[in-house]
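Good morning, and thank you for coming. I should like to take the group through one structure, sheet by sheet and then helix by helix. Please have the sequence and the model in view.

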Amino acid sequence: MVGHSSLNATQTIAYESRYLVPTYTRSDRVFTHGEGSYLFDTAGNRYLDFASGIAVTALGHSDQMWIEAVKDQADQLVHVSNLYHTTPHVQLAQRLVENSFADRVFFCNSGSEANEAALKFARKWVRVAIGVDNKTNIVAFEGSFHGRTMGALSVTARQQYRDPFAPLMPGVSFAPFNDLDAARKAIDSKTCAVIVEPVQGEGGVRVAEPGFLECLRDLCDQHQVILVFDEVQCGLGRTGYLWAHENYAVTPDIMTLAKPLAGGLPIGAVLVVEAVAATMQPGDHGSTFAAGPLVCRAGQAVFDRICPTKFLRTVRANGEYLQDCLRRLQSAGIVDVRGSGLLIGVEFNSAVKPIISAAADKGLLIINAGENVLRLCPPLIVTREQIDRAVEIIRECLG
Ligand code: PLP
């Protein structure tokens with residue numbers, strides 16, 4: 001390969017510990033390539049990938065249509081900045097708007113950035129549309145994860161992520177997830193925005209109970225508050241619906257997307273209603289890399305595959321099948337099996353790290369969501385046979 005010198009696995013791991021800031025504990029596997037629901041390592045081992053790069057590679061690895069779109073666009077144009085027009089980003093925006101509650105889109109590069117933008121948009125809306133300066137508080141929820149940048153971290157609940165970087169953005173409070181009374185107490189006339197994941201991912205795969213999001217919508221309307229749904233992890237087909245909030249009789253004012261949207265290339269998107277968009281002006285927000293032609297062509301390829309009803313119906317059916325198989329495991333250590341579509345959590349009465357490690361040794365990649373919860377988020381193209389094999393490996397690991 002031109003200009004590409006290779007290291008063996010031992011060298012790669014040694015270089016990582018020598019040259020990288022140590023913010024991750026990585027498994028000692030070095031992956032070389034992927035195909036569909038499988039990943040391959042330097043030793044030639046094959047793994048069923050039920051982590052999907054943390055709910056990113058929705059079409060699996062090396063999807064042919066995605067590759068063709070990216071190669072074709074790379075041949076033409078990769079980056080010109082947002083100072084000029086290009087066609088791919090308006091075509092992706094059109095798809096997102098025409099298939100959602102939203103009127104307009106702002107593109108960025110990650111989930112954290114999307115949530116940063118959402119918080120800024122909410123602040124601007126309050127100042128311009130309501131005309132007050134002191135309505136700046138944000139309500140988020142226990143178990144939430146919205147990202148690592150200062151604003152997104154300020155609305156992320158976990159102390160372990162927050163404490164080393166205090167002081168964070170002031171005016172944020174955390175209410176218990178799914179608790180209507182607590183939400184009624186937390187949201188008032190000083191609240192600017194409420195941010196919530198319809199399905200909490202990192203917080204243990206917890207699904208919003210019927211009525212909870214509807215109650216938040218009512219409270220936001222009552223107090224003139226922007227309702228933000230963070231669908232960075234649960235959006236774009238993951239739950240078997242295009243948007244996770246389609247499971248509820250409610251739409252937000254702002255929805256943030258990221259992970260699967262460009263099939264593995266970095267992207268974030270903030271979908272907004274016109275009333276919010278109308279308060280933003282040129283210069284209010286921006287990004288050098290965002291909405292580049294390459295990433296947006298990739299996004300179109302992903303969106304066009306996931307959006308059709310037939311594809312989403314299969315995700316729902318496979319998700320139900322996977323949950324049923326996991327329930328039938330009947331291991332004494334399993335406390336709960338829950339989730340939506342192909343975002344599934346299996347809660348144990350003890351830490352799940354040993355199961356994750358044993359499963360990897362047997363050729364299955366799964367991740368955790370907190371200490372005691374196994375998270376399964378296979379590619380949305382996963383087959384019944386692959387689901388059967390994954391459940392079989394988990395069964396073997398439970399002993
Ligand atoms: N929001 C949710 C619900 C997430 O799950 C994540 C990442 O896991 C983020 C935001 C942050 O996204 P990113 O890591 O792309 O900044």
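How many bridges join β1 to strand β2? Four bridges do so, and the two strands run antiparallel. Before going further, I should say that this is a predicted model. Strand β2 spans residues 38–41, and within it Asp-41 is the bridge partner of Phe-31. Together β1 and β2 make a hairpin with two residues between them. In that turn, Gly-36 has a positive phi of about 60 degrees.

The hairpin belongs to an open sheet of four strands, in the order β1-β2-β3-β15, and the pairing in this sheet is mixed. At its edges are β1, residues 31–35, and β15, residues 364–365, each of which pairs on one side only. The parallel part of the sheet involves β3, residues 46–49, which pairs with β15 over two bridges. There, Leu-48 stands opposite Leu-364 of β15.

Let me turn to the second sheet. This is also an open sheet of four strands, ordered β13-β14-β17-β16, with antiparallel pairing. Its edge strands are β13, residues 334–340, and β16, residues 367–368, and each pairs on one side only. Strand β14, residues 343–348, is joined to β17, residues 373–376, by four bridges, and these strands run antiparallel. One pair to note is Ile-344 with its bridge partner in β17, Leu-376.

Which helix lies across β13, β14 and β17? That is α12, residues 309–327, which runs at about 180 degrees to β13. Helix α12 also packs with α14, residues 384–398, at an angle of about 25 degrees, with the axes 10 Å apart. Since angles under 35 degrees count as roughly parallel, the two helices α12 and α14 are therefore roughly parallel to each other. Their crossing is right-handed. On the α12 side, the residues that meet α14 include Tyr-321, Leu-322 and Leu-326; on the α14 side, they include Ile-387, Val-391 and Ile-394.

Leu-326 deserves a further word. Setting aside neighbours within four places in sequence, Leu-326 is in contact with Ile-334, Val-337, Ile-344, Val-346, Leu-376, Val-391 and Ile-394. The largest nonpolar core has 89 residues, and those touching the most other members are Phe-50, Leu-96, Val-270, Ile-306, Leu-326 and Leu-376. Apart from this core lies another, of 21 residues, among them Val-196, Cys-215, Cys-220 and Val-250.

I come now to a second pair of helices. Helix α4, residues 87–98, packs with α11, residues 293–306, at an angle of about 30 degrees, their axes being 8 Å apart. The crossing of α4 and α11 is left-handed. From α4, the contact is made by Pro-88, His-89, Gln-91, Leu-92, Arg-95 and Leu-96. From α11, the residues involved include Pro-293, Arg-297, Gln-300 and Phe-303.

Finally, consider Gln-73, which is found in helix α3, residues 64–76. Is Gln-73 buried or exposed? Gln-73 counts as buried, because its relative accessibility is 5% and the cut-off for burial is under 20%. Not counting residues up to four places away in sequence, Gln-73 touches Pro-88, Pro-293, Leu-294 and Arg-297. Three of these appeared a moment ago: Pro-88 in the contact from α4, and Pro-293 and Arg-297 in the contact from α11.

Thank you; I am glad to take questions.

Methods. Residues are numbered from 1 along each chain as its sequence is written. This is a predicted model: local features need pLDDT of at least 70, side-chain atom pairs count only at pLDDT 80 or more; totals for chains, interfaces and linings use all residues. Side-chain values use heavy atoms; hydrogens and water are left out. Two strands pair if DSSP finds at least two bridges between them. Buried means under 20% relative accessible area, exposed over 50%, partly exposed in between (1.4 Å probe, protein chains only). Contact means heavy atoms within 4.5 Å. A nonpolar core is a set of buried Ala, Val, Leu, Ile, Met, Phe, Trp, Tyr and Cys residues joined through side-chain atoms within 4.5 Å. Axes are lines fitted to C-alpha atoms, for helices over the stretch in contact, and angles run from 0 to 180 degrees between N-to-C directions. Angles under 35 degrees count as roughly parallel, over 145 as roughly antiparallel, 65 to 115 as roughly perpendicular and the rest as oblique. A crossing is left-handed if the near helix is turned anticlockwise from the far one by less than a right angle, and right-handed if clockwise.
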